[in-house]
Structures are given as C-alpha cells and as structure tokens.
Protein chains: 4
Amino acid sequence: MTIKVGVLGAKGRVGSAVVAGVNAADDLELVAEIDAGDSLDTLVENGAQVIVDFTTPNAVMGNLEFCINNGIHAVVGTTGFDEERYQQVRDWCSANDGVGVLIAPNFAISAVLAMAFARQAAPFFDSAEVVEYHHPNKLDAPSGTALKTAQGIAEARREANLGAMPDATEQALDGSRGADVDGVKVHAVRMQGMVAHEDIIFGTTDQTLTIRQDSYGRDSFVPGVLTGVRGVADHPGLTVGLDSYLGL
Amino acid sequence: MTIKVGVLGAKGRVGSAVVAGVNAADDLELVAEIDAGDSLDTLVENGAQVIVDFTTPNAVMGNLEFCINNGIHAVVGTTGFDEERYQQVRDWCSANDGVGVLIAPNFAISAVLAMAFARQAAPFFDSAEVVEYHHPNKLDAPSGTALKTAQGIAEARREANLGAMPDATEQALDGSRGADVDGVKVHAVRMQGMVAHEDIIFGTTDQTLTIRQDSYGRDSFVPGVLTGVRGVADHPGLTVGLDSYLGL
Amino acid sequence: MTIKVGVLGAKGRVGSAVVAGVNAADDLELVAEIDAGDSLDTLVENGAQVIVDFTTPNAVMGNLEFCINNGIHAVVGTTGFDEERYQQVRDWCSANDGVGVLIAPNFAISAVLAMAFARQAAPFFDSAEVVEYHHPNKLDAPSGTALKTAQGIAEARREANLGAMPDATEQALDGSRGADVDGVKVHAVRMQGMVAHEDIIFGTTDQTLTIRQDSYGRDSFVPGVLTGVRGVADHPGLTVGLDSYLGL
Amino acid sequence: MTIKVGVLGAKGRVGSAVVAGVNAADDLELVAEIDAGDSLDTLVENGAQVIVDFTTPNAVMGNLEFCINNGIHAVVGTTGFDEERYQQVRDWCSANDGVGVLIAPNFAISAVLAMAFARQAAPFFDSAEVVEYHHPNKLDAPSGTALKTAQGIAEARREANLGAMPDATEQALDGSRGADVDGVKVHAVRMQGMVAHEDIIFGTTDQTLTIRQDSYGRDSFVPGVLTGVRGVADHPGLTVGLDSYLGL
C-alpha cells in the first residue's frame with residue numbers, strides 16, 4: 001500500500017526535488033502540490049497522509065497547525081524553529097493523538113550517519129581530526145557540518161575521560177595544524193570542481209578509521225526526506241533530527 | 001587506581017605486544033608474564049585482577065578454569081572456541097559470581113567498528129560495495145573481513161526489505177564487477193607496499209558515505225585488548241566479540 | 001590581447017558549455033555562435049581567430065576545410081575521425097601555412113594527465129591496479145578510460161621489461177581479483193550518487209602512489225577546450241590529442 | 001648479467017636495508033659490505049662495479065675519491081653535500097671518463113614522482129592544496145616534502161602566469177585554511193597509527209586530480225636506490241637527484 005504525500009513549497013527548488021523524489025518512489029503517491037496562495041484544503045480533499053514542508057518560517061507554523069489538526073503527519077525541513085515553536089508543535093500533537101512530526105535541520109543521510117558514527121568511534125582512538133573540502137565560493141571555514149562533527153568528537157572524548165591527543169609538534173608554520181575546535185583539529189580545503197566533502201579520521205596503534213562523506217549535487221537531502229515520510233507515522237509526537245529514524 | 005594485569009603467552013609475538021601495551025598504559029600494571037611451563041600460581045601471588053590470554057587452543061581452557069575459579073577476569077584472543085567451549089566457560093562463570101570473560105576473534109577496534117557501522121548504514125543506501133586492499137603475499141581473496149562485511153550488509157538490506165542494487169551494466173569484462181557475496185560486490189586489490197585496508201562504500205542520491213579502515217602494522221589488536229582489560233570487570237559472565245565493549 | 005573565438009555547434013549541450021566557458025574567460029572573446037543552418041561566413045566577418053567544433057561527423061570536415069582555408073585555427077571535439085580524415089586535414093594545413101588544428105577524443109585535463117602520469121610511473125613499481133567508480137546507469141564495465149589506462153600501464157611495463165606482478169592468491173572468489181587487461185587488474189564499482197572517478201594505484205617496497213581522478217559534473221571538458229584555444233596558434237599543422245598541449 | 005655491488009655503511013639501519021634489497025634482487029650481486037674501519041680495497045679485489053654509500057659527511061668524500069679513481073660508479077644517499085663538494089665530485093669524474101655518480105637527497109620513488117607530477121599538473125588547474133598526514137611524534141609541521149611540493153606548485157603557477165586561486169572565504173576560524181606557502185595552502189594532520197602520507201589536490205571545472213603518496217614503513221628508499229644502481233653506468237658524470245633516472 002502506498003503512502004499519500006502532499007508537498008508544501010512544491011515550486012521551490014528544494015520542494016520540486018522532493019516532488020520528483022516522491023514521484024520516482026514506488027511506495028509513495030503524490031496527491032497534492034501546494035505553493036504560496038494555494039489552499040491547504042486540497043490536502044484533506046486528496047487524502048494526504050503525510051506532508052513535506054519546505055516553505056518559509058512565516059508559513060510553516062500555520063501549515064503545521066492545519067495538518068496536525070487534520071491528522072496529517074508532517075516532515076519539515078523549513079528553518080527558523082526555536083524552543084517556543086517546538087513546544088507549540090508538541091502541544092498540537094498532544095491534542096491529536098498519533099500524529100507524528102519530524103523537524104530536521106539536515107536531511108543528508110550520509111552526513112547525519114557520519115556525525116553519529118564519529119561520536120561512537122571517538123572514545124576508542126588516541127587521535128581524531130577533521131578535513132573538509134568545499135567549492136571555493138563558500139564564505140565560511142570550516143563548514144558548519146565540520147564544526148558540529150568536531151564538537152561531537154570533543155564531547156565524546158570528554159565523556160570517556162580522554163586527555164589531549166598526542167602531538168609532538170614543536171615547529172609549525174602558522175595555520176598548518178588547522179583550527180582548534182574544542183581540542184579537535186579541523187582543516188578546510190577550498191577546491192574548484194568540488195562540491196562538499198568531509199574526512200573524519202581516527203587513529204590508534206597501527207590503524208586508522210576514516211569516515212568519508214561526499215556530496216556530489218544539490219539533491220542529497222531527498223533520500224532523508226523520503227525516509228522521514230516512510231517512518232513518520234511510526235513516530236507519534238514531535239521528533240527533532242533524523243537520527244532516531246536511522247536507528248542511531 | 002591501576003588494574004593489575006597478567007599476560008599468558010607473554011613470549012609469543014602477540015603476547016609480547018600486549019606486554020608492551022600494558023607497560024605503556026598509565027592505568028595498567030603488569031604483574032605477571034606467563035609462558036609455557038610457568039605456574040599459574042604467580043597470577044594469584046601477584047594479585048592479577050585481569051589476565052590476557054594469547055596462548056593455544058590446548059592451553060586456554062585450563063588457563064580459564066584456573067583464572068575464573070580464582071576470581072580473575074579474562075580477555076582472550078586465543079582461537080579454537082566452539083559452542084561447547086563457550087558453554088563450559090559460562091558454567092565456570094556461573095559458579096564464580098561477578099567474574100567476566102571476553103573472548104573475541106578480532107581485537108582490531110577500527111575493523112570491528114567499521115563492520116558495525118556498515119550494518120547500521122546499509123538500510124539507507126541504494127548501493128553498497130566493498131573494496132579491500134592487501135599486500136600481495138595474501139593467499140585468499142577477498143579477505144575474511146571483507147567477506148564478513150559484505151555478508152553483514154546483505155543481511156541488513158534483507159531485513160530492511162531492500163531489493164537488488166541498481167546496476168545497468170550490459171557489457172562487462174569478466175571479473176570487472178567483482179565477486180558477488182550475497183548480492184554485494186566485493187573487489188580485492190593486491191598491492192606491494194600495502195598492509196591491510198578496506199573501503200566500504202554506500203551511495204544514494206547525490207551522496208556517498210565511505211568507511212575506510214587502514215591497518216599499518218601488526219599491532220593493531222593492542223588497543224582493543226586494552227579496551228577489553230579496562231572493561232571486563234564491568235561485563236560479568238561470558239561476552240563473545242568486542243562489540244558490546246564499544247557501545248555497539 | 002584577447003583571442004576571438006567562434007563556437008560551432010553552439011546550441012548543443014557541449015557547445016553551449018563551451019560558449020559559457022569562453023564568455024567567463026577574461027582573455028577570450030566570443031565573436032560567433034554557429035549552429036546547423038548558420039553561414040560560416042560570420043566567422044570571417046567577425047574576425048574569429050580560433051573556432052571550437054563540437055558538431056557532427058557529417059558537418060565537421062566541411063567546417064574544417066572552410067576554417068583552415070580562411071586561416072582560422074580549430075579545436076575539435078567532434079568524433080568520427082579516422083586516418084583518412086586526419087590525412088585530409090593535414091593536407092589542408094600544408095596548403096595554409098601556420099594554421100593549427102587540434103583534434104582530441106578527450107578534453108578532460110585531469111583524465112589526460114592521469115593517464116600520462118600512469119605511463120610515466122609504471123616502470124618503477126612492482127604492482128599496479130586500476131579501480132574505477134561510476135554511477136549505476138553506465139552500460140559498460142570497466143570504463144573506456146580505465147581500459148586505456150590499464151593498457152598504457154601494461155605497455156610501459158613491457159617496455160621496461162618488468163615481469164608479472166607479485167600475487168600469491170591461491171583461493172579466490174570468482175571476480176574478486178578484477179578483470180585482467182594485459183596483466184593489469186581493473187575493478188569497476190557502480191555506485192548511486194557517484195559521477196565518474198578513477199584510482200590508479202602503484203606499489204613497491206613500503207610505499208604506494210595513487211593517482212585519483214574525479215569528475216563531478218558534465219562540464220569537465222571545458223578547461224581542456226580553453227587550453228586548446230589558447231595554445232592552438234602555437235601548434236601549426238594537425239595535432240591529435242591534448243597531451244602535447246599539457247607539456248606531456 | 002648481474003651488476004656487482006658494494007655497500008658502504010653496510011651495518012647502519014639504512015645500509016643494512018640496502019644490503020637486503022641487493023640480496024633480494026636477481027640482477028644484482030652483493031660483493032662487499034664495508035663499514036667504519038674496513039678497507040676500501042675490498043671493493044676492487046671483489047670487482048665491485050657500483051657502490052652505494054649511506055655513511056657520514058666525514059667519510060663520504062674519501063669514499064667517492066677512491067671509487068671514482070678506481071672506475072667504480074657510486075649511488076649516494078649520505079647528506080652534507082654543498083656546491084663545493086658537488087664541484088669536487090665533478091672534477092674527479094672528469095678525470096675518470098665514463099664513471100657515473102648519483103647523489104640524491106630523497107630516494108623514495110613515489111615521493112619524487114609525486115612532486116614531479118605536481119609541477120607538471122599545476123599550470124592547468126585553478127586550485128591546488130596539499131594535505132600531509134604523519135604520526136604524532138613528528139616535530140615539524142608541515143613536513144619538508146609538503147613544503148617542497150607546495151613551493152614547486154607555486155613556481156609552476158608563476159611560470160604559467162596564473163593568478164591567485166579562487167577563494168571566497170570571508171569568515172574563517174584561525175588556522176582552518178592551513179598554512180600559506182607561496183600562495184599554496186598546506187594542511188598538516190597528526191594521527192596515531194599513520195606513517196607518512198601526502199595528498200596533492202588540483203581542481204578545475206567539474207573535476208579534481210589527486211596525487212596521493214603513502215609511506216607504510218622505513219624501507220621506502222630501497223627501490224629508488226636499486227633504480228640508481230641499475231642506471232648509474234648509463235649516467236656518466238655527476239647527477240643530483242633521482243629525477244632524470246625516472247624519465248622526468
């Protein structure tokens with residue numbers, strides 16, 4: 001049996017990629033494409049069971065209120081959520097037993113898994129460093145993902161009571177040893193032709209473990225959204241972050 | 001407070017690497033080096049709290065009986081265990097409340113983590129292949145680790161009801177697409193200079209996740225053994241495999 | 001001083017990427033976009049110094065005759081050339097002193113360099129293998145580039161009187177050791193999300209050298225075409241292949 | 001026909017690895033192992049055709065004078081050479097027609113090739129960065145090889161009149177973008193378990209080329225020394241650096 005899906009923000013770049021993803025999936029049926037100005041009633045009329053929302057911070061709360069009150073599960077990639085908004089969503093869910101809402105800042109499955117694996121591995125290695133690679137038009141260095149990865153590693157090391165990493169460096173050119181993020185070195189490469197890539201490297205006696213994440217294009221969020229669509233009915237209430245959908 | 005450690009098989013290549021590892025660790029104290037012909041009583045006399053056994057299938061059961069009955073925990077890398085032997089060890093443990101025994105076929109932490117991560121990631125990707133790299137003196141292809149990795153991926157895909165991987169190949173040179181292990185392609189490279197390395201590659205829309213494991217030398221089992229030594233008192237009874245010590 | 005460039009086949013996918021590349025380059029000026037049905041006279045009227053031809057086997061010889069006879073250099077990616085056509089182009093060039101024509105089957109600079117470096121390195125290593133990675137819609141395995149790379153390595157090894165590579169494999173799963181291309185093992189991975197990638201690996205005592213080529217998109221030929229445009233006036237007569245433009 | 005080889009400094013760590021390498025090679029015959037205090041006359045008595053010198057700055061000039069004057073070719077890895085010493089060696093060679101001497105600071109073939117390929121590739125890419133990886137006991141960062149690689153790339157870019165690399169970074173954590181070596185960014189990773197590794201990455205439209213060099217152990221100089229031994233008779237006079245022996 002297929003799941004009936006409505007897409008909100010269907011004409012945006014991200015929304016239209018979700019539309020294409022739903023259309024390409026055998027187990028999903030696209031029943032509504034909603035964009036600014038369209039009535040949400042179409043969702044009910046067409047029997048949508050799950051909606052995907054990639055709209056705007058202004059529109060998303062109204063969308064969620066409508067859907068949750070109509071018993072429609074929601075998978076949300078729209079930004080602008082804070083604790084107050086999360087609580088509001090929890091309240092709506094409480095009043096509508098069994099409705100699930102997934103709000104995630106990052107639907108790129110490979111990145112979410114990479115960060116989770118990094119936290120799991122961190123306690124067992126003497127050394128850990130992160131090297132991220134991006135196209136040269138990127139404004140910030142290191143990337144937000146690399147920062148978050150390093151912070152996760154640092155936290156896992158602290159919890160395991162690991163001390164500082166071994167590093168005998170006495171003479172170093174400025175910058176050669178990377179940025180220090182809570183004791184974890186992070187290096188940022190900017191390279192024409194590349195998209196977005198990350199090496200998370202762990203080392204101990206005679207061995208290393210490297211978790212490498214490559215993004216080759218702009219649609220890397222689609223599989224994560226579809227994973228959300230397939231699982232949201234089994235996760236009633238509010239879930240923040242894709243992790244629990246990935247068995248992490 | 002340090003943990004007092006005895007090493008059995010202390011003069012063997014593996015055992016002597018364990019001896020060096022224990023000596024190098026601040027939180028461990030080496031209190032006995034036992035080899036063939038030496039009396040096990042030294043362990044009790046010197047107050048060993050944990051022993052490490054890399055001896056022989058002939059010697060290991062006697063060693064375990066002695067240690068368990070004397071309340072000494074054991075970390076065992078010796079081979080030759082079957083279900084009958086496991087049951088015997090469980091029985092000895094039952095009679096000695098609180099004694100822990102860890103028996104593991106593979107103490108290379110990075111390899112154990114890589115296999116576990118591969119199983120976790122497998123359900124979320126369309127494609128998965130394994131490429132292993134070894135020195136050219138290796139007799140079998142693919143390596144046992146690569147085989148086991150592929151089997152784990154295949155099992156995780158079956159449990160997630162994934163179908164066959166996408167592959168439009170119509171014209172292929174014999175062997176170019178690798179060996180088929182339960183539907184997972186495995187490729188074996190033999191390369192002068194290399195030691196033992198494995199790429200586990202997963203792909204879905206616009207992204208890949210690669211788990212890379214590198215062994216650079218013969219002592220890659222040492223950190224796993226020490227992790228066992230530190231944790232065995234918290235794992236009473238018999239544990240098979242390092243996984244549960246790694247939070248997997 | 002800028003070079004005035006005309007593009008033939010300007011409305012095709014490849015041609016329009018060349019148009020964009022010329023427009024983005026400070027030292028090149030686009031003076032004509034020609035497609036099927038347009039008159040070649042525009043090239044002369046607008047003072048084109050170099051043309052780029054990505055048209056069809058049917059159209060290209062007429063285009064070249066016109067351009068060479070009008071003293072316009074040509075950079076050609078159109079397929080369908082054989083020795084007879086090459087000779088015809090040489091004859092036209094002989095009659096028009098100083099005109100340069102570059103015809104190349106592959107303008108992806110990184111791939112051309114990778115193959116050349118592989119040939120250079122091959123005589124100095126005991127082992128060499130090729131692993132190529134492509135999206136799963138590819139029909140053939142291994143890729144043409146990987147085949148050509150392996151053949152180049154094999155030839156370089158023969159010229160250096162190297163024997164067979166070391167390989168002690170006694171027990172192998174069918175296909176695990178890859179396809180045998182003139183004694184060089186080639187492995188083909190098919191992975192959702194990937195584009196086109198190649199590892200050329202060389203190994204000898206305690207060291208390896210890996211030449212990795214990654215294509216992330218469909219415009220990887222553009223820099224090579226522009227390198228051809230900039231250099232063609234300095235290479236009078238017919239040149240086949242980009243190699244000599246890259247100092248190889 | 002085999003080449004008769006004498007090793008000077010035969011009992012040192014490096015010299016004894018050369019001895020083992022010569023013994024393992026079918027086309028080379030070890031005829032003399034000389035160490036401090038041994039007479040060089042043994043070389044002549046045993047018919048040495050080529051000597052390998054890994055001794056000391058104090059010993060090497062005397063060794064070379066003796067060998068060259070006795071018509072014995074020399075492959076030298078001993079350090080401490082300056083222009084004055086080179087000139088002295090050239091003078092001795094002039095007086096002994098046909099005798100070849102190779103003096104090289106680096107015999108690791110993969111590293112010498114990697115640096116040469118980097119120089120060749122540099123003019124054709126918008127971006128170039130170097131990431132080196134070493135064990136954490138290394139005192140300096142970046143490594144000497146990485147520095148030299150970056151300087152070679154910078155020089156090749158200058159000769160090709162390339163400008164600065166594209167880099168839109170506006171906000172950067174200190175050190176994240178690496179050390180600036182003549183405009184080429186260099187990153188140094190220090191990782192337990194690793195030996196010595198280098199990624200030289202080049203990028204342009206939709207593609208990258210990566211030259212990766214891995215050292216797994218301490219004997220990576222041996223193949224380069226043997227390449228020198230085999231080729232020195234064909235390179236009369238003084239040659240500095242292995243490059244010309246590698247067809248570079």
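In which sense do E12(C) and strand E12 of chain D pair, and over how many bridges? They pair in the antiparallel sense, over 9 bridges. Keep in mind that this is a predicted model. Below is a quick tour of two interfaces, the one between chain C and chain D and the one between chain A and chain D, and of how the copies relate to each other.

**Where chain C meets chain D**

- Let's start with who touches whom: 33 residues of chain C are in contact with 33 residues of chain D.
- Together these two chains bury about 2700 Å², and carbon and sulfur atoms account for 60% of that.
- Three residues stand out on the chain C side: C:Phe124, C:Asp206 and C:Gln207 supply 24% of the area chain C buries against chain D, more than any other three residues.
- Looking for salt bridges between chain C and chain D? The count is 0.
- Polar contacts are another story, with 16 residue pairs counted between chain C and chain D, both residues at pLDDT 80 or more.
- Helix H5 (109-121), strand E12 (207-215) and helix H7 (222-231) of chain C are the elements that each give two or more residues to the side touching chain D.
- Of these, E12(C) gives the largest share of that side, 9 residues.
- Sorted by class, the side of chain C that touches chain D has 15 nonpolar, 13 polar and 5 charged residues.

**The strand pairing across C and D**

- Back to the opening point: E12(C) pairs with strand E12 (residues 207-215) of chain D, and the two are antiparallel.
- For one spot to find in the viewer, look at C:Thr208, which stands opposite D:Asp214 in E12(D).

**How chain C and chain D are related**

- Turn chain C by 180°, with 0.0 Å of shift along the axis, and it superposes on chain D with an RMSD of 0.1 Å.
- The chain C C-alpha nearest that axis belongs to C:Ile211, 2.4 Å away from it.
- Both copies use the same surface here, as 100% of the contact residues of chain C recur in chain D.

**Where chain A meets chain D**

- Here 46 residues of chain A are in contact with 46 residues of chain D.
- The area buried between chain A and chain D is about 3200 Å², with 62% of it from carbon and sulfur atoms.
- On the chain A side, A:Leu139, A:Met191 and A:Gln192 supply 17% of the area buried against chain D, more than any other three residues.
- Salt bridges across the interface of chain A and chain D come to 0.
- Residue pairs in polar contact between chain A and chain D number 22, again with both residues at pLDDT 80 or more.
- Several strands of chain A each supply at least two residues to the side that touches chain D, among them E6 (127-134), E10 (184-190) and E11 (196-204).
- By class, that side of chain A has 21 nonpolar, 15 polar and 10 charged residues.
- E7(A) and strand E8 (residues 171-172) of chain D run parallel, joined by 2 bridges.
- In that pairing, A:Asp140 has D:Gln171 in E8(D) as its bridge partner.

**How chain A and chain D are related**

- A turn of 180° and a shift of 0.0 Å along the axis lay chain A on chain D with an RMSD of 0.1 Å.
- That is the relation of a two-fold axis.
- Of the residues of chain A, A:Gly175 comes closest to the rotation axis, with its C-alpha at 1.8 Å.
- The copies meet through the same surface, because 100% of the interface residues of chain A are also interface residues in chain D.

Technical notes:
Residues are numbered from 1 along each chain as its sequence is written. Chains are lettered from A and ligands numbered from 1 in the order in which they are written. This is a predicted model: local features need pLDDT of at least 70, side-chain atom pairs count only at pLDDT 80 or more; totals for chains, interfaces and linings use all residues. Side-chain values use heavy atoms; hydrogens and water are left out. Contact means heavy atoms within 4.5 Å. Buried area is the accessible area (1.4 Å probe) that two parts lose on being put together, summed over both. A salt bridge is a side-chain nitrogen of Lys or Arg within 4 Å of a carboxyl oxygen of Asp or Glu. A polar contact is a pair of N or O atoms within 3.5 Å; within protein, one must be able to donate a hydrogen and the other to accept it, and residues adjacent in sequence count only if both atoms are side-chain atoms. Helices (H or I, at least four residues) and strands (E, at least two) are DSSP runs, numbered from the N terminus. Ala, Val, Leu, Ile, Met, Phe, Trp, Tyr, Cys and Pro count as nonpolar, Asp, Glu, Lys and Arg as charged, and the others, Gly among them, as polar. Two strands pair if DSSP finds at least two bridges between them. Copies are superposed by least squares on the C-alpha atoms of residues with pLDDT of at least 70 in both.
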